[in-house]
Amino acid sequence: MRKESIHKLNNVSSRTGRFVLYWMQASQRAIDNDALDYACEISNDLSLPLLVLFVLHVGYPSANSRSFTFMLEGLEETEKRLKERGITFLSKVGNPVDEVLKIAKNASVLVSDVGYLRHQLFWRDSIARRVESPFFVVESNVILPVGQVSKKEEFSAATIRPKIKRLLIDTPKSPAIESCFSKVLDIENFETVSLSTFLKDLKFGDDAPAVSSFKGGTAQAIEILESFLRDKIDIFCRERNDPNSDVLSNMSPYLHFGQISPSYIAKKVIEKRSPCEEAYLEELIIRRELSMNFTMYNPNYDRFEGLPVWAKKTLNEHRGDMREYIYSKEQFENCSTHDPYWNAAQMEMAFTGKMHGYMRMYWGKKILEWSESPEVALETALYLNDKYELDGRDPNGYAGVMWCLGKHDRAWAERKVTGKVRYMSSAGLRRKFDADGYVRKISRLAQST
Ligand SMILES: Cc1cc2nc3c(=O)[nH]c(=O)nc-3n(C[C@H](O)[C@H](O)[C@H](O)COP(=O)(O)OP(=O)(O)OC[C@H]3O[C@@H](n4cnc5c(N)ncnc54)[C@H](O)[C@@H]3O)c2cc1C
């Protein structure tokens, strides 16, 4: 753990309590979790038991059966692994701020992890203002603390890359904590919620059902990573832009829920000594941590106002351009555009919970081209992304969708509707890979589901 990853959010210096509380939110794992390790370290120092709390918040933005099922599968494993380490796990249903404050009344110290979206920041701030114990947070889902890499919003990968690379060389990490103070805490009076019962009774009545393509949990994440390292990484740099070729790592759903740590993935990739190591780490570290920089420093990360000046200017200049096609949110959602490639991409996401990375770019660019305005395009793309992608509702999702409108990019040749924002065409897809083969692959997949 790097000392720069730890932040104290209030001025309370000490308090007597029955336990150390770790409010697990963004790092939903029992291993390779710096926030958990830090909480363990404090519980060892104070000779107090450690209590891990997770709050199941059914009102979480865009929560549905798909995302909740994946998350609960992971949490069941995390609970089991924590128990094996002698750490008590408590789950509650409700609003995170209220539930954390209730349990923290008996805590000597409160520790949490860090998510970079506005509701997560709001929760932490609300708790920091009212909690009576010292409150620390640890940035456990990034390789480098976001504020240490840069104190401002970065323009692009080119500007953040040298800062990240310099710090990766300069800052050593201390080893993980192996054991926690093992006195088991009596939590009978806390009424913990059974995760399996909660999962069984879960009824969102929505149309984003759970998917069988990805099962949640750290063990699954490690198994998928191992198969990627064994069979795919050496061809990742050559074939990653071909959606017919299954060479991506599929780590994004697991990273999103914090079921696996990016440092663990990076360590395993480096140990493999693959010729594609650099290409992979560029995505996992540079691109991913650029997204966190974006959502942390740009309060308009999901709004037109959050785009760079040149992109807003050009899109404003082309607002009145005649669109060849305009589709409603429902038409997009029902895969009813004129374009078989776009429809296949939407179908892949709806059926599997994960669209191929290359198709995501085309998918987002076309929503911009076929919507009545950039604002409507943003709303549609984020709605679909957050509803169907298992990795949705993530800094990467906001940066990815905004990239389709010019974020982290430069101006290109000017065209109607999209102005100077980079354009993608169906002919371009066909030049890069067998696009019709992709449509056939997805229709077979949809028929078999
Ligand atoms: C319109 C659009 C929407 C997107 N929505 C999301 C989203 O909701 N959640 C999400 O995690 N990613 C999103 N991305 C980024 C990227 O497409 C996915 O991270 C990637 O496809 C995930 O698959 P993988 O884990 O198999 O990737 P791999 O290619 O195996 O990459 C490994 C890891 O690197 C990171 N990574 C890869 N590509 C990018 C990228 N372009 N930007 C930032 N990090 C990257 C991810 O954490 C990924 O898990 C979006 C991109 C676009 C253009």
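Q: Below what relative accessible area does a residue count as buried?
A: In this predicted model, three words describe how open a residue is, and each rests on relative accessible area. A residue is called exposed over 50% and partly exposed in between, whereas buried means a relative accessible area of under 20%.

Q: How many of the residues of strand S3 are buried?
A: Strand S3 covers residues 50-56 and is described as mostly covered. On one side Leu 50, Val 52, Phe 54 and Leu 56 are buried, and on the other side Leu 51, Leu 53 and Val 55 are buried as well. In a regular strand the side chains alternate between the two faces of the sheet. With both faces of S3 covered, the count of buried residues is 7 of 7.

Q: Which residue of S3 stands opposite Leu 21?
A: Strand S2, made of residues 19-23, runs parallel to S3 and is joined to S3 by 4 bridges. Within S3, the residue that stands opposite Leu 21 is Leu 51.

Q: Through which helix does the chain cross from S2 to S3?
A: The path from S2 to S3 is a β-α-β crossover, and this crossover is right-handed. The helix on the way, which spans residues 34-46, is H1.

Q: Which residue in S4 is the bridge partner of Leu 56?
A: S3 also pairs with strand S4 (residues 88-93), in the parallel sense and over 6 bridges. Together with helix H2 (residues 65-84), S3 and S4 make a right-handed β-α-β unit. In S4, the bridge partner of Leu 56 is Val 93.

Q: Which residue stands opposite Asp 113 in S6?
A: Strand S5, residues 107-113, is mostly covered, with 7 of its 7 residues buried. S5 runs parallel to S2, to which 5 bridges join it, and Val 20 has Val 109 of S5 as its bridge partner. S5 is also joined by 4 bridges to the parallel strand S6 (residues 135-138), and S5, helix H4 (residues 118-130) and S6 make a right-handed β-α-β unit. In S6, the residue opposite Asp 113 is Val 138.

Q: How far apart do the end C-alpha atoms of residues 18-146 lie?
A: An unreviewed UniProt entry lists residues 18-146 as "domain: Photolyase/cryptochrome alpha/beta". This span is 43% helix and 22% strand, and its end C-alpha atoms lie apart by 33 Å.

Q: Between which two domains does the largest nonpolar core lie, and why?
A: The largest nonpolar core has 97 residues, and those with the most contacts inside it are Leu 50, Ile 260 and Tyr 280. Its largest share, 8 residues, comes from helix H12 (residues 277-297). Because both domains give residues to this core, it lies between domain 1 (3-141) and domain 2 (146-175 + 217-297).

Q: Is Ser 425 buried or partly exposed?
A: Ser 425 is placed in the loop between helix H18 (395-403) and helix H19 (426-432). Leaving aside neighbours within four places in sequence, Ser 425 is in contact with Tyr 362 and Lys 366; Tyr 362 is 63 residues away in sequence, yet the C-alpha to C-alpha distance is 7.7 Å. Since buried means under 20% and the relative accessible area of Ser 425 is 21%, this residue is partly exposed.

How values were computed: Residues numbered from 1 in each chain as written. Predicted model: local features only at pLDDT ≥ 70, side-chain atom pairs only at ≥ 80, totals over all residues. Heavy atoms only, no water. Buried < 20%, exposed > 50% of the residue type's maximum accessible area, 1.4 Å probe, protein only. Helix = DSSP H or I, 4+ residues; strand = E, 2+ residues; numbered from the N terminus. Pairing = 2+ DSSP bridges. Right-handed = clockwise from strand over helix to strand, strands pointing away. UniProt positions renumbered as here; feature names shortened; annotations may be inferred. Core = buried A, V, L, I, M, F, W, Y, C linked by side-chain atoms within 4.5 Å. Domains from an automatic or database assignment. Contact = heavy atoms within 4.5 Å.
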